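I sat down with this one to see what could be looked up about its helices, rings and core. My notes follow.

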Amino acid sequence: MKLLIDSANISKIEEYLEYLPIEGVTTNPSILKKEGNIDFFDHMKNIRKLIGTNRSLHIQVISDSYNGILEDAFNILEKVDEKAFIKIPVSRNGLMAIKKLKEEQIKITATAVYSSIQGILASEWNVDFIAPYINRMQNLGTNPFEVVSQINGNIINSSSSSKILGASYKNIYQVLESVNSGSEYVTLGTEVLDKLVADVNIVQAVKDFSNDWYAIHNRNSIL
C-alpha cells in the first residue's frame, strides 16, 4: 500500500510527514474549501514546497467543459508546478480532455470514479492514476471493492500503465479491502489518517512496557 494525504491543511501535512510513509498529496475543491478563502496558487505552491519534488501533488480542475478543463490544467501546470498531476473527473468532457492532455504527456489522475466502466475507459487512455470513490460508492449501494477489482483486472489484461488510487474513505476496513482488491495507492483524509495508529490497545501495550521497565530499573529510559 502506498499512502497519500487527501488534505490541503499545511499543519496536518507537516505532522503526517513526520511519521507516515507519504507518497504525495491530493486535493479537490471541497478539500480546499475547508481551508477558507486562501490564495489557491500560493497555497498549492506551499504544499509543493513542503512535500518536495519526490512526492506527487494532485490538483483538480474546476471547469466541467472541455475547453475549460484544458485551460484549468495548463494554468495549474504554469502557475503551480509543471510536475503536478491534473485531476479530471471521468465524464464525457473529462475523457475528451484526458485524451488530449495525455497526447501531450501530461500527468493525469482520473477522478470521481463511481463505476467499473469509468475506470476502464480512463485506463484505456493510460492515465497515471484512477481514483474510485470507495465510501461514496458504498453509500449508493455499489460494492466498491468489486469495482476496484474489475478495474484492476482490466489494467492487467490490457497492459495499461494506469495505477489505482483509492479515494473517499471513512474507515480503515475500507482501506484494507480496497488494497486487497487491487488498489496499490490510497489517499486518506485526516479523519482516517489519525486512526491508523490510534488503537487503544497500542497505547495500553506501550504503557505496560514502560511500567514493567520502571518497576525493575526505577527509570523511564534505557540509560
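**Gly153 and its surroundings**

I started with Gly153, which comes out partly exposed because its relative accessible area is 24%, between the 20% and 50% cut-offs. Worth keeping in mind: this is a predicted model. Gly153 sits in helix H8. I also checked its spacing to Gly182: the two C-alpha atoms are separated by 8.3 Å, though the glycines are 29 residues apart along the chain.

**Aromatic pairs**

Next I ran through the rings. How many aromatic pairs does a search of the whole structure find? It turns up six. I looked at Phe145 with Tyr173: the ring centres are 6.2 Å apart and the planes stand at 90°, so I noted the pair as edge-to-face. Phe145 belongs to helix H8 (residues 144–158) and Tyr173 to helix H9 (residues 172–181), so this pair links distant parts of the chain, 28 residues apart. Is Phe145 buried or exposed? Its relative accessibility is 10%, so I put Phe145 down as buried, the cut-off being under 20%. I also wrote down one aromatic cluster, formed by Phe85, Phe129 and Tyr185.

**Helix H3**

Then I took a ruler to H3 (residues 40–51). Its twelve residues should span 16 Å at 1.5 Å a residue, and I get 17 Å between the end C-alpha atoms, which agrees. Which residues of H3 are buried? My list reads His43, Met44, Ile47, Arg48 and Ile51. They cover an arc of only 140° around the axis, so they lie on the same side of H3. That fits the textbook picture: an α-helix has 3.6 residues a turn, so residues three or four places apart point the same way. I asked what covers these buried residues, and the cover includes helix H1 (10–19), strand E2 (22–26), helix H2 (29–33) and strand E3 (56–60).

I checked both ends too. At the start of H3, a side-chain oxygen of Asp39 comes to within 3.3 Å of the backbone nitrogen of Phe41. Just after H3, Gly52 has a positive phi of about 80°.

**Nonpolar cores**

Last, the inside. The largest nonpolar core holds 52 residues, and Ile47, Ile86, Ile88, Ile108 and Leu188 have the most contacts inside it. I followed Ile86 outwards: leaving out residues up to four places away in sequence, Ile86 touches Ile59, Val61, Ala73, Ile76, Leu77, Ile106, Lys107, Ile108 and Thr109. Apart from the largest core I found another, of five residues, including Leu4, Phe85, Phe129 and Tyr185.

Technical notes. Residues are numbered from 1 along each chain as its sequence is written. This is a predicted model: local features need pLDDT of at least 70, side-chain atom pairs count only at pLDDT 80 or more; totals for chains, interfaces and linings use all residues. Side-chain values use heavy atoms; hydrogens and water are left out. Rings of Phe, Tyr and Trp (its six-membered ring) pair if their centres lie within 6.5 Å; planes under 30 degrees apart count as stacked, over 60 as edge-to-face and the rest as tilted. Helices (H or I, at least four residues) and strands (E, at least two) are DSSP runs, numbered from the N terminus. Buried means under 20% relative accessible area, exposed over 50%, partly exposed in between (1.4 Å probe, protein chains only). The expected span of a helix is 1.5 Å times one less than its number of residues. The arc is that of the directions from the helix axis to the C-beta atoms. Contact means heavy atoms within 4.5 Å. A polar contact is a pair of N or O atoms within 3.5 Å; within protein, one must be able to donate a hydrogen and the other to accept it, and residues adjacent in sequence count only if both atoms are side-chain atoms. A nonpolar core is a set of buried Ala, Val, Leu, Ile, Met, Phe, Trp, Tyr and Cys residues joined through side-chain atoms within 4.5 Å.
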